[in-house]
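Colleague: Thanks for sitting down with me. Could you show me the model, so I can ask how you reach your conclusions?

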Amino acid sequence: ELKDNTVIVVLGASGDLAKKKTYPALFNLYKDGLLPKDVHVVGYARTKMDDAEYHKRITSYIKGTEDPETAKKLEEFKGLASYISGGYEDAPSFQNLNNHIEKIESSYEDKERNRLFYLALPPSVFIPVAQHLKEECYSKGGKNRIIIEKPFGKDLESSRQLLGALKRYWSENETFRIDHYLGKEMVKNLLVLRFANVALSAGWDKNSISNVQITFKEPFGTEGRGGYFDEFGIIRDVLQNHLLQVLSILTMERPVSFSAEDIRDEKVKVLRAIPPIERNDTLLGQYVAANGKPGYLDDDTVPHNSVCPTFAATTLWIHNPRWEGVPFILKAGKALNEAKVEIRIQYKDVTQGIFKDISRNELVIRIQPSEAVYLKLNTKLPGLNMRAVTTEMDLTYKRRFADAKIHEAYESLILDALKGDHSNFVRDDELDVAWKIFTPILHWIDGKNGPSPKPVPYPYGSRGPKELDAFIAKYGYVRTETG
Ligand code: BG6
């Protein structure tokens with residue numbers, strides 16, 4: 001449940017994540033009256049500035065202030081927000097932060113004092129910050145929680161080191177590891193779609209399903225983020241976390257309950273049935289200049305001979321009775337022709353005989369943009385004939401739930417963390433098994449045991465490498481035409 005008397009501390013308050021995600025989410029929650037009573041937001045970063053300057057920045061992070069109601073709420077919100085500057089590696093800075101928090105808390109009437117620390121910080125300071133927060137800023141009279149974001153290491157070993165170091169200060173129960181895909185409306189919907197519909201769950205296995213694709217497409221390159229990106233690459237940036245999370249919920253067995261531990265137990269179980277990815281099941285790409293846009297290597301922050309993939313398609317196999325033999329193709333790319341994230345489940349061919357050349361059914365769950373679930377079905381073309389046509393049973397949210405508000409992933413997750421609900425956060429063993437699946441292929445790409453593979457080029461703004469169609473076809477995907 002939501003605790004009153006909570007101070008939310010955003011560490012890295014002047015950084016990109018805070019600006020794009022954390023503050024807008026906090027403000028939207030405040031505007032909708034969803035934050036705890038008496039909440040305060042403290043920004044912390046190295047940059048020196050006073051509250052007035054900090055408030056100016058918050059204003060610049062928030063959209064929609066032409067609306068008088070929003071503008072009024074923003075003024076209220078700023079009244080609850082204060083700023084304090086300090087370093088990330090020295091105890092006195094954190095003592096100073098603690099004094100600041102205590103001053104705020106002295107206005108609370110009852111005794112409970114809860115603190116939520118949001119680390120919107122680069123990984124290089126995760127450990128000292130976690131340590132100092134525990135040693136200098138830990139509330140003795142309430143709940144303490146810490147939110148951290150990827151990258152959680154770079155491979156199995158470094159992830160274990162990082163988690164081990166953090167665990168010295170913060171227990172699993174106090175730790176909330178964000179994978180923001182778990183906060184997305186359509187990802188949360190997977191539990192309901194899968195387990196509340198016999199019509200779907202009856203055919204949810206290798207007997208009915210031919211192949212599954214989980215696709216992430218972005219229409220922009222690494223512009224400005226090349227330094228970060230080149231160290232990680234598309235697999236660590238998107239596949240090992242966001243797409244694998246989607247895969248685990250899509251394929252896990254039905255949890256005994258919707259409790260965080262029951263759900264995460266099932267996710268871990270299915271992930272453990274996936275062996276490490278094979279090189280042969282992988283296609284890597286890197287975008288090159290086209291359509292007036294620069295190539296990846298034209299980015300000044302990227303080494304000129306980088307072989308870092310900006311596109312990857314990899315096929316995973318689940319060795320359990322439900323999924324044996326079904327390929328799960330994860331693909332993600334930057335600088336493609338469109339923005340789209342979707343799950344595409346392609347069913348097997350209908351038995352031939354009375355039908356010839358009839359399309360396969362496909363169930364598509366579009367995560368973004370324009371949330372939708374649609375099922376490609378064959379139906380008789382109306383009229384005095386017996387011709388079949390493939391069409392869609394279409395649940396597009398904009399039409400079906402026109403007035404519904406779809407909250408941003410970060411809003412949903414911050415609220416969960418405030419409530420202490422771990423369901424949509426990544427558990428330590430889940431992270432471990434995710435790294436096990438990807439570490440060998442990542443070491444190969446990193447050139448740890450021989451020369452790095454060279455990604456194939458694809459033009460900025462294209463559908464991806466031209467090899468992609470053949471790659472998908474190899475796993476049995478057949479293009480379906482909608483009439
Ligand atoms: C982040 C990646 O985790 O997810 C980014 O680091 C990517 O590279 C982003 O752009 C995508 O998130 P969303 O919510 O826009 O799909």
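**Strand pairing and the ligand site**

Modeller: Happy to! A332 in β10 is the bridge partner of A312, and please keep in mind that this is a predicted model.

Colleague: What makes β9 and β10 a pair of strands?

Modeller: Two strands pair if there are at least two bridges between them. Six bridges join β9 to β10 (residues 328-333), and the two run antiparallel, so they count as paired.

Colleague: How do you know that β8 pairs with β9?

Modeller: The cut-off is at least two bridges, and four bridges join β8 (residues 282-288) to β9, so this pair qualifies too. These strands are also antiparallel, and T282 has T314 in β9 as its bridge partner.

Colleague: Why is β9 called mostly covered?

Modeller: A residue is buried if its relative accessible area is under 20%, and six of the six residues in β9 (residues 311-316) are buried. F311, A313 and T315 point one way, while A312, T314 and L316 point the other way, and all are buried.

Colleague: What makes the approach of E218 to the ligand a polar contact?

Modeller: The pair must be N or O atoms within 3.5 Å. A side-chain N or O atom of E218 is 2.4 Å from a ligand oxygen, so the pair meets that limit. H180 also places a polar side-chain atom 2.8 Å from an oxygen atom of the ligand, and Q368 has a polar side-chain atom 2.8 Å from a ligand oxygen. The protein covers 80% of the 400 Å² of accessible area that the ligand has on its own.

How values were computed: Residues numbered from 1 in each chain as written. Predicted model: local features only at pLDDT ≥ 70, side-chain atom pairs only at ≥ 80, totals over all residues. Heavy atoms only, no water. Polar contact = N/O pair within 3.5 Å; in protein donor to acceptor, adjacent residues only side chain to side chain. Areas by Shrake-Rupley, 256 points an atom, 1.4 Å probe, with all protein chains shown as cover. Buried < 20%, exposed > 50% of the residue type's maximum accessible area, 1.4 Å probe, protein only.
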